[in-house]
Amino acid sequence: MLFQVGGQGTRPTFFEMAAAQQLPSSLRAALTYSLGVLALRRPFIHKILDYEDEFFALLTLVLETHSLRTTDASFAESLYGLRRRAVNIKVKTKDNIHSKKKILPLDSPADAIHHNGLEKRQKILSVVFLVVLPYFRSKLQYVYNREREATLQASLWGEGEERFGNIDYFDGSGNSSASGSSSGEEASTTRRRVMKRIQKIIAACYPWIHAGSEGLSFAYQLLYLLDATGFYSLGLHVLGIHVCRATGQELMDTSSRISKIRSRERERLCGPPWLKAVQGALLSSMYAVLDYAQTGLIAAVFFFKMMEWWYQSAEERMSAPTVYPPPPPPPPPKVAKEGIPLPPDRTLCPLCSQKRVNPSAVAVSGFVFCYSCIFKYVSQYKRCPVTLMPATVEQIRRLFHDM
């Protein structure tokens with residue numbers, strides 16, 4: 001299954017290279033969406049979504065390794081009929097029997113030179129650039145986003161622990177509950193501080209690293225578009241690899257090479273006949289999955305997108321807009337006899353009897369407290385302090401307009 005975008009000669013057009021580069025990210029978004037749809041009926045699939053980066057890295061590792069091994073191209077490049085060639089190409093001439101290494105232009109005629117496949121080192125480094133580096137970049141992006149959200153949350157809500165630095169208002173003795181920390185807790189605290197510092201360093205350095213990476217990518221793509229370089233990206237330049245269109249002879253050589261590799265793997269099978277039969281069946285199944293991985297993934301993505309459009313359109317046609325009057329507001333909750341009484345001044349917190357700081361409400365009752373006060377109380381007693389209704393910290397809501 002090949003997609004030809006256009007152009008002449010062996011040099012791919014800019015649009016071919018851009019399409020091949022954007023295919024993995026588009027495929028990941030489509031797979032994530034498809035798994036999300038399936039997770040609505042199969043909740044255990046949420047475990048895969050929890051480890052989305054690792055799952056996609058493992059999938060791309062299998063696809064890229066197989067594609068580089070059999071076609072000398074990445075998964076996306078092989079889909080567009082492209083191949084990777086080393087810049088130093090071995091050429092055999094009639095006058096010289098021995099092979100010489102010459103640096104030839106990318107548009108050299110294919111029938112005048114003899115191309116060898118990529119070296120093992122180049123294939124391994126290609127996998128690193130295609131799988132490992134994007135995985136680490138995704139994890140750095142995750143750490144940066146989480147640290148930015150934590151910084152934004154601290155700027156909006158405040159630290160929340162400063163007013164309870166030395167006193168525990170929910171301990172009758174009036175002493176801090178963390179007075180007797182063990183050595184294990186100290187080690188854990190030190191480890192958390194080190195991890196927190198590392199996260200802050202990543203949050204400070206990642207924007208510059210990302211900007212530099214994007215700037216280099218833009219520079220290489222602009223130079224490639226202007227025909228000033230044969231390298232589309234910095235990774236290809238470091239590896240010394242040009243990407244070119246596959247010729248008919250290369251496609252035939254690829255098919256014969258795949259057949260030879262698989263025949264050698266079948267010859268290596270050992271054991272009794274029944275074990276060889278089982279191993280042969282497993283190899284045949286694996287070969288079938290790998291052969292149809294490209295077509296299967298693309299077809300699955302189109303299928304799920306079509307089903308989404310179909311059901312969404314059907315629901316929109318069947319559901320007519322209906323306007324109902326708003327329901328009456330619920331009655332105010334009753335204050336429990338054993339609960340904390342409400343102060344006469346509504347701007348005061350019922351727990352600390354001071355003016356509320358970062359006002360937050362408990363969703364089960366609607367009463368407003370200081371965020372740090374209600375967070376500590378609900379964490380310890382699992383209930384609303386006024387109504388004594390069961391509550392959790394997830395039911396605490398920050399109020400940005402204190403009425």
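In the strand pairing of this predicted model, A361 stands opposite V368 of strand 6. Strand 5 (residues 359-362) and strand 6 (residues 368-370) run antiparallel and are joined by 3 bridges; strands are taken as DSSP runs of E with at least two residues, helices as DSSP runs of H or I with at least four residues, and both are numbered from the N terminus. Two strands are treated as paired if DSSP finds at least two bridges between them. Within the hairpin of strand 5 and strand 6, 5 residues lie between the strands, and G366 adopts a positive phi near 95°. Strand 5 is also joined by 3 bridges to strand 7 (residues 396-398), again in an antiparallel arrangement, and S360 has R398 of strand 7 as its bridge partner. Both faces of strand 5 are covered, P359 and A361 being buried on one side and S360 and V362 on the other. Here buried denotes under 20% relative accessible area, exposed over 50%, and partly exposed the range in between, with a 1.4 Å probe and protein chains only.

Residues are numbered from 1 along each chain as its sequence is written. Local features require pLDDT of at least 70 and side-chain atom pairs count only at pLDDT 80 or more, whereas totals for chains, interfaces and linings use all residues; side-chain values use heavy atoms, with hydrogens and water left out.

The cysteines were examined next. A disulfide is a covalent bond between the sulfur atoms of two cysteines; the criterion applied is a pair of cysteine sulfur atoms within 2.5 Å. The structure holds 0 disulfides. For C370, the closest cysteine sulfur belongs to C352 and lies 3.9 Å away, which is too far for a bond. C370 is buried because its relative accessible area is 0%, whereas C205 counts as partly exposed at 38%. In helix 11 (residues 371-381), the buried residues are Y371, S372, C373, I374, Y377 and V378. K382 follows helix 11 and has a positive phi, near 60°.

Aromatic contacts number 7 pairs in the structure. The rings of F14 and Y232 have centres 5.9 Å apart and planes at 50°, so this pair is tilted. F14 belongs to helix 1 (residues 14-39) and Y232 to the loop between helix 6 (183-225) and helix 7, so that the contact links distant parts of the chain, 218 residues apart. Rings of Phe, Tyr and Trp (its six-membered ring) are paired if their centres lie within 6.5 Å; planes under 30 degrees apart are classed as stacked, over 60 as edge-to-face, and the rest as tilted. Y232 is buried, at a relative accessible area of 4%. Ring pairs join F14, F15, Y224 and Y232 into a cluster.

A salt bridge is defined as a side-chain nitrogen of Lys or Arg within 4 Å of a carboxyl oxygen of Asp or Glu, and 11 are counted by this rule. One of them joins the side chains of R11 and D227, at 3.5 Å from N to O. R11 lies in the segment before helix 1 and D227 in the loop between helix 6 and helix 7, the pair linking distant parts of the chain, 216 residues apart. R11 counts as buried at 14% relative accessibility, while D227 counts as exposed at 54%.

A further salt bridge is formed by R28 and E52, whose closest N and O atoms are 3.3 Å apart. Since R28 lies in helix 1 and E52 in helix 3 (residues 52-71), the pair ties together parts that are 24 residues apart in sequence. R28 is partly exposed, with a relative accessible area of 21%, and E52 is likewise partly exposed, at 27%. A network of salt bridges links R28, E52, D53, E54 and K139. The side chains of R84 and E77 also meet in a salt bridge, at 2.9 Å from N to O, and both R84 and E77 are buried.

At the surface, L125, F129, L133, L216, L234 and V238 make a nonpolar patch of about 480 Å². Two or more residues of the patch come from each of helix 5 (120-157) and helix 7 (234-239), and helix 5 contributes the most, with 3 residues. Patches comprise residues with over 30% relative accessible area and no salt bridge, like charges being joined within 9 Å and nonpolar side chains (Val, Leu, Ile, Met, Phe, Trp, Tyr) within 5 Å. Accessible areas come from the Shrake-Rupley method with a 1.4 Å probe, and for residues only the protein chains shown count as cover. V238 lies in helix 7 and counts as exposed, at 57% relative accessibility.
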